[in-house]
Amino acid sequence: WLAGELDFREGRDAQAAAGFHEVLAQSPGHADAHYGLSLLFYEQGDFDAAVRHAQFAVNSKPMEGRFLAQLGLCHVRF
């Protein structure tokens with residue numbers, strides 16, 4: 001997931017998405033990969049998908065501040 005996060009931060013969205021999906025194929029409950037996809041979908045304007053992935057991340061790790069912040073941001077836009 002970290003490679004996907006780096007790809008996202010450097011603007012390589014297709015590689016980031018592929019990296020996050022690869023992690024989720026091996027570990028469907030990986031909260032950080034869901035968070036990364038939420039960031040990516042939010043940036044692309046797909047707020048429905050961004051909310052779903054942010055919610056999954058929060059459900060997995062409810063006390064993770066960045067997950068909560070992302071979910072809140074998604075809800076403001078959705």
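This is a short tour of a predicted model, with a selection to make at each stop.

**Stop 1: Arg 9 and Glu 5**

Select Arg 9 and Glu 5. Their side chains meet in a salt bridge, 3.0 Å from N to O. Both residues sit in helix H1, which covers residues 2-9. They are 4 residues apart, so about one helical turn separates them. Now colour by accessibility. Arg 9 is exposed, because its relative accessibility of 53% is over 50%. Glu 5 is buried, because its 11% is under 20%.

**Stop 2: Glu 22 and Trp 1**

Move to helix H2, residues 13-26, and pick Glu 22 there. Glu 22 is exposed, with a relative accessible area of 52%. Add Trp 1 to the selection and draw a C-alpha to C-alpha distance. How far apart are Glu 22 and Trp 1 in sequence and in space? They are 21 residues apart in sequence and 8.4 Å apart in space. Keep Trp 1 on display for the next stop.

**Stop 3: Asp 32**

Select Asp 32 in helix H3, residues 31-44. Is Asp 32 buried or exposed? Asp 32 is buried: its relative accessible area is 7%, and the cut-off is under 20%. Show its contacts, leaving aside neighbours within four places in sequence. They are Trp 1, Lys 61, Arg 66 and Phe 67.

Zoom in on Arg 66. The side chains of Asp 32 and Arg 66 meet in a salt bridge, 2.2 Å from N to O. This pair links distant parts of the chain: Asp 32 is in H3, Arg 66 is in helix H5 (residues 65-77), and their positions lie 34 residues apart in sequence numbering terms as a separation. Arg 66 counts as partly exposed, at 30% relative accessibility. Side chains of opposite charge can pair when their charged atoms come close.

**Stop 4: Arg 52 and Asp 48**

Jump to helix H4, residues 47-60. Select Arg 52 and Asp 48. They form a salt bridge, with the closest N and O atoms 3.6 Å apart. Again the partners are 4 residues apart in one helix, so the separation is about one helical turn. Asp 48 is partly exposed, with a relative accessible area of 38%.

Next, select Asp 32, Lys 61, Glu 64 and Arg 66 together. Salt bridges that share partners join these residues into one network. The structure holds 7 salt bridges.

**Stop 5: H4 against H5**

Hide the side chains and show H4 and H5 as helices. Their axes come within 9 Å and cross at roughly 150°. What does that angle make of the pair, parallel or antiparallel? Angles over 145 degrees count as roughly antiparallel, so H4 and H5 are roughly antiparallel. H4 passes H5 in a left-handed crossing.

Bring the side chains back. On the H4 side, select Phe 47, Ala 50, Val 51, Ala 54, Gln 55, Ala 57 and Val 58. On the H5 side, they meet Phe 67, Leu 68, Gln 70, Leu 71, Cys 74, His 75 and Arg 77. Colour this contact by class. It has 10 nonpolar, 3 polar and 1 charged residues.

**Stop 6: H3 against H5**

Keep H5 and swap H4 for H3. The axes of H3 and H5 come within 11 Å and cross at roughly 30°. Angles under 35 degrees count as roughly parallel, so H3 and H5 are roughly parallel. The crossing is left-handed.

From H3, select Ala 31, Asp 32, Tyr 35, Ser 38, Leu 39 and Tyr 42. Their partners in H5 are Arg 66, Phe 67, Gln 70, Leu 73, Cys 74 and Arg 77. By class, the H3 contact with H5 has 7 nonpolar, 2 polar and 3 charged residues. Asp 32 and Arg 66, the salt-bridge pair from Stop 3, appear in this contact.

**Stop 7: Ser 38**

Finish on Ser 38, in H3. How much of Ser 38 is accessible? Its relative accessible area is 0%, so Ser 38 is buried. Show its contacts, again without neighbours within four places in sequence. They are Ala 50, His 53, Ala 54, Gln 70 and Cys 74. Ala 50 and Ala 54 belong to the H4 side of the contact with H5. Gln 70 and Cys 74 are among the H5 residues that meet H3.

Notes: Residues numbered from 1 in each chain as written. Predicted model: local features only at pLDDT ≥ 70, side-chain atom pairs only at ≥ 80, totals over all residues. Heavy atoms only, no water. Helix = DSSP H or I, 4+ residues; strand = E, 2+ residues; numbered from the N terminus. Buried < 20%, exposed > 50% of the residue type's maximum accessible area, 1.4 Å probe, protein only. Contact = heavy atoms within 4.5 Å. Salt bridge = Lys/Arg side-chain N within 4 Å of Asp/Glu carboxyl O. Axes fitted to C-alpha atoms, helices over the stretch in contact; angles between N-to-C directions. Parallel < 35°, antiparallel > 145°, perpendicular 65-115°, else oblique. Left-handed = near helix turned anticlockwise from the far one by under 90°. Nonpolar A, V, L, I, M, F, W, Y, C, P; charged D, E, K, R; others polar.
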